[in-house]
Amino acid sequence: MNYDTFINKDLRKRSLPSSNHHPRLRWGLFALGCIVIGAVLAHTSEPSIETPAQTELLELNSSNNKSFTRLSQSLELPEDTLTPITISHIEDKYANWDSVTIRSGDSLSSVFTRSNISASQLIEVTQQKNAIKHLLKIHPGETIKLSADEKGILTGLYYDIDISQSLLVERINGELQTTTIEHNISTRPHYASGVINDSLFMAAQDAGLDDNMTMELAGIFGWDIDFVLDIRKGDSFTLVYEQIYKNADKIKNGNILSAEFINQGKSYRAVRYEDPSTHKTGYYTEDGKNMRKAFLRSPVKFSHISSKFTTKRFHPVLHKFRSHKGVDYAASRGTPIRSSGEGKVIFRGKKGGYGNVIIIKHGSRYSTLYAHLARFERKVRSGSRVKQGQVIGYVGSSGLATGPHLHYEFRVNGVHRNPLTVSFPSAKAISKLHMTSFKEETADLFGQLDVLNRNQLALNQ
Ligand SMILES: [Zn+2]
């Protein structure tokens, strides 16, 4: 039992006899107990607040940027993105209140104690039913704002229920009153672009993208481009994405709306679109083809490797395919290996120079092979069904291998094909029936990429 639970249990025991004569008090103390449980059971959820965009990122709504005028005209931004929103009076008013971060095991009682608020105030708060139903769900890591007078009498409590709503308990004419505040949540388009010099992560960072956004970008193109082996110095990217604002403040990034990746001179472009026939949102090419394929281009997540990765390092590997029928991914021992497609394990064990090897059959035509593994994922056995992207084993140097690496082969009808260049079957394209509306609805998104590319060229000259 932790300290806070103890305190509350103790408090409840002492108060119970008198509470028979005060039904309201009993409700209050019952709720108090629940608060403790709620807070203890709740898992830690750190709110993810993005850092502000860096200088290279040209904000579409930044008026002192020269590229702004041209861009905003061509992009036809919605009106509200151009009108500055004044800082809400709400935040001004409560800015000076005591901000308390909820710790694991906290109860309202311990929070009030830390803020020098009298214990008697708990009962009054628990009588605020609209407030208490939200306060019961507070997670460790969240904050509440409190204000009290010099006698420890609560004068205000402020808590963000979710992104769009806040709870306000205020003492008005001596009585606590609960209100819910609705925030103005808006989505604004934003763009970033960059040229790769050392690694995608570094270029993305320079463009003001956080790692999540970079992974999402790689996820969109990861069916066509192997982000471990294919990336070259001079590759570039452009993307339009959403930034979510709460009142006047940017609080997080939203979805990537459209993106272009130029890899070794070849351009790949995609837009986010909800297929009207399946209601599934995905990324599509200009002619409505699904970016998603039956196989991931790389059986190793580039994020596991890219910290040491430079464009030079992996280059020589590509010349090897002809002689040894596969591609090698230099990676440290223990790096997770994922099945590039959905299928069935037809072999798992030792096989000569391959060392520990897994062979997966994908339908009747395709099979993939993963060799030199240090060890297998325990649940993946011969005969197991595996999902696309499921971890099947870990990089090692078993068999004939000079150092830890993954040897990967891709076969079509039993014939070895270069996994970096072979074409993969695609997921469902936009149907003919919906093609006209797809083209109409996505023309602007592709048009924005054109504008941004022209702009980028102009800036570089
Ligand atoms: Zn090899």
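I'll walk through confidence, then one sheet, then the helix on that sheet.

This is a predicted model. The protein chain averages a pLDDT of 78, and 75% of the residues score at least 70. Two stretches fall lower. Over residues 1-87 the pLDDT is below 50, though the model gives this stretch 116 contacts beyond near neighbours in sequence. Residues 306-319 also stay under 50, with 27 contacts beyond four places in sequence. Where pLDDT is low, the predicted coordinates should not be read in detail. I leave both stretches there.

Now the sheet. It is open, has five strands, and runs in the order 6-7-8-9-10 with antiparallel pairing. Which strands sit at the edges? Strand 6, residues 185-195, and strand 10; each pairs on one side only. From one strand to the next, the twist averages 25°.

Take the pairs in turn. Strand 6 meets strand 7, residues 236-246, through eleven bridges. There, Arg-188 stands opposite Gln-243.

Helix 9, residues 211-221, packs on this sheet. The helix touches strands 7, 8, 9 and 10, and its direction makes about 35° with that of strand 8.

Next, strand 8, residues 249-263, and strand 9, residues 266-274: six bridges, antiparallel. Ile-262 faces Ser-267 across that pair. These two strands form a hairpin with two residues between them. In the turn, Gln-264 has a positive phi of about 50°.

Last pair. Four bridges join strand 9 to strand 10, residues 281-284. Tyr-273 has Gly-282 as its bridge partner. This is also a hairpin, with six residues between the strands. His-279 in that turn has a positive phi of about 60°.

Methods: Residues are numbered from 1 along each chain as its sequence is written. This is a predicted model: local features need pLDDT of at least 70, side-chain atom pairs count only at pLDDT 80 or more; totals for chains, interfaces and linings use all residues. Side-chain values use heavy atoms; hydrogens and water are left out. pLDDT is the predictor's confidence in each residue, from 0 to 100. Contact means heavy atoms within 4.5 Å. Two strands pair if DSSP finds at least two bridges between them. Axes are lines fitted to C-alpha atoms, for helices over the stretch in contact, and angles run from 0 to 180 degrees between N-to-C directions.
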